[in-house]
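Ready for some practice at reading a protein model? Take a look at the structure below, then work through the exercises at your own pace.

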Amino acid sequence: MPERDFLSSDDVTEKEQTRLLELAAQLKASPREFCDRLAGRQVALIFEKPSTRTRVSFEVAVTQLGGDAVVLRGDELQLGRGETIADTGAVLAGYVDAIAVRTFAQERLTELADAATVPVINMLSDLEHPCQALADLQTITEERGGLAGQVLAYFGDGNNVAHSLMLSGVKAGIHVRVATPRGYEPQPGIVRRCEEIASSTGGSARVTNSVEEAARGAGILYTDVWASMGQEDEAAARLQTFAGYQIDEKLVDLAEEDVIVMHCLPAHRGQEIAAGVMDGVHSVVFVQAANRLHTQKALLAWLLAG
């Protein structure tokens, strides 16, 4: 397979996404069968933003596949002294077999990928979080028995998580409803692209300002923090703006009886999600977090070993 990057949930076709999820299920069920898939391979993991789940899951994923992870913080690289992201990508491509980056602007990923001659993976950017979306789809498959036709309601900021969730969701035939306060909707270009994808998959993407409209009859309720990294100075104002968008017991009651509740973590109990809901019988947030390992192993194996 020619060199491929995974910078966006839209970088894979519907069939490729399905194949990745099938591979993730195999890896989860029989991890020892794949323990040498990346033998002799090195993967650079660059973190310009701090991380818990992404760092640990990716490092363990590379190791469990038989490869070696080289973990680097942004301040440990010459990036901190003015070297361009493109030069960094070109240099690292001479040492490693893939580069995964957790960064700020999506443009930094694109610049690095354009200069690198090895696959580049988006571990998170301000625009998208495609690795999280893969784990979300695996979790929905396990907990709901499939993807096509499911109704997923997302509440909160139309951020990177929402963008990738919409793109991957409609690609899988899911009906994605996004409820946000006015002025915090997902980017119009992402919404338009989701509508294009949905026309051939049977899914749909709808943006609303009404939490009730989004929650009613949904089989999946999903949320994320109201202030992402880099938005700390907005946190107090966002607490007021998003106050009516918490996933609480009332929203759960509007959804299907066997609804599942998801959160990409870290969570602020009592803000975007009620503590009783996050720790309740409908919550699958820790299953969701654990699945990051399996979908990222599948992604690495697919990109590097075919």
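Here are three exercises with worked solutions, all based on a predicted model.

**Exercise 1.** Work out the order of the strands in the open sheet, and find its edges.

*Solution.* Begin with the order: the five strands of the open sheet are arranged 7-6-5-8-9, with parallel pairing. Next, look for strands that pair on one side only; these are strand 7 (204–208) and strand 9 (260–263), the edge strands. From one strand to the next, the twist averages 20 degrees. Now zoom in on strand 5 (residues 151–155) and strand 8 (residues 220–223), which are joined by four bridges. Among the residues involved, Phe 155 has Thr 223 in strand 8 as its bridge partner.

**Exercise 2.** Find which strands helix 5 and helix 6 meet.

*Solution.* Start with helix 5 (residues 130–144): this helix packs on the sheet and touches strand 5, strand 8 and strand 9. Its direction makes about 165 degrees with that of strand 9. Then turn to helix 6 (residues 160–171), which lies across strand 5, strand 6 (175–179), strand 7 and strand 8. Helix 6 runs at about 160 degrees to strand 6.

**Exercise 3.** Describe the largest pocket and the second largest pocket.

*Solution.* The largest pocket comes to about 440 Å³ in volume. Its lining has 25 residues, and those closest to the centre are Arg 102, Val 225, Met 229, Leu 265 and Pro 266. By class, this lining holds 10 nonpolar, nine polar and six charged residues. The second largest pocket has about 210 Å³ of space. Helix 1 (14–29) gives the largest share of its lining, five residues.

Note on methods. Residues are numbered from 1 along each chain as its sequence is written. This is a predicted model: local features need pLDDT of at least 70, side-chain atom pairs count only at pLDDT 80 or more; totals for chains, interfaces and linings use all residues. Side-chain values use heavy atoms; hydrogens and water are left out. Two strands pair if DSSP finds at least two bridges between them. Helices (H or I, at least four residues) and strands (E, at least two) are DSSP runs, numbered from the N terminus. Axes are lines fitted to C-alpha atoms, for helices over the stretch in contact, and angles run from 0 to 180 degrees between N-to-C directions. Contact means heavy atoms within 4.5 Å. On a 1 Å grid over the protein atoms alone, a cavity is a set of points where a 1.4 Å probe fits but cannot get out, and a pocket is an open set with protein on both sides within 12 Å along at least five of seven lines; lining residues have an atom within 4 Å of a point. Grid points are joined across faces, edges and corners, and a volume is the space filled by probe spheres set on the points. Ala, Val, Leu, Ile, Met, Phe, Trp, Tyr, Cys and Pro count as nonpolar, Asp, Glu, Lys and Arg as charged, and the others, Gly among them, as polar.
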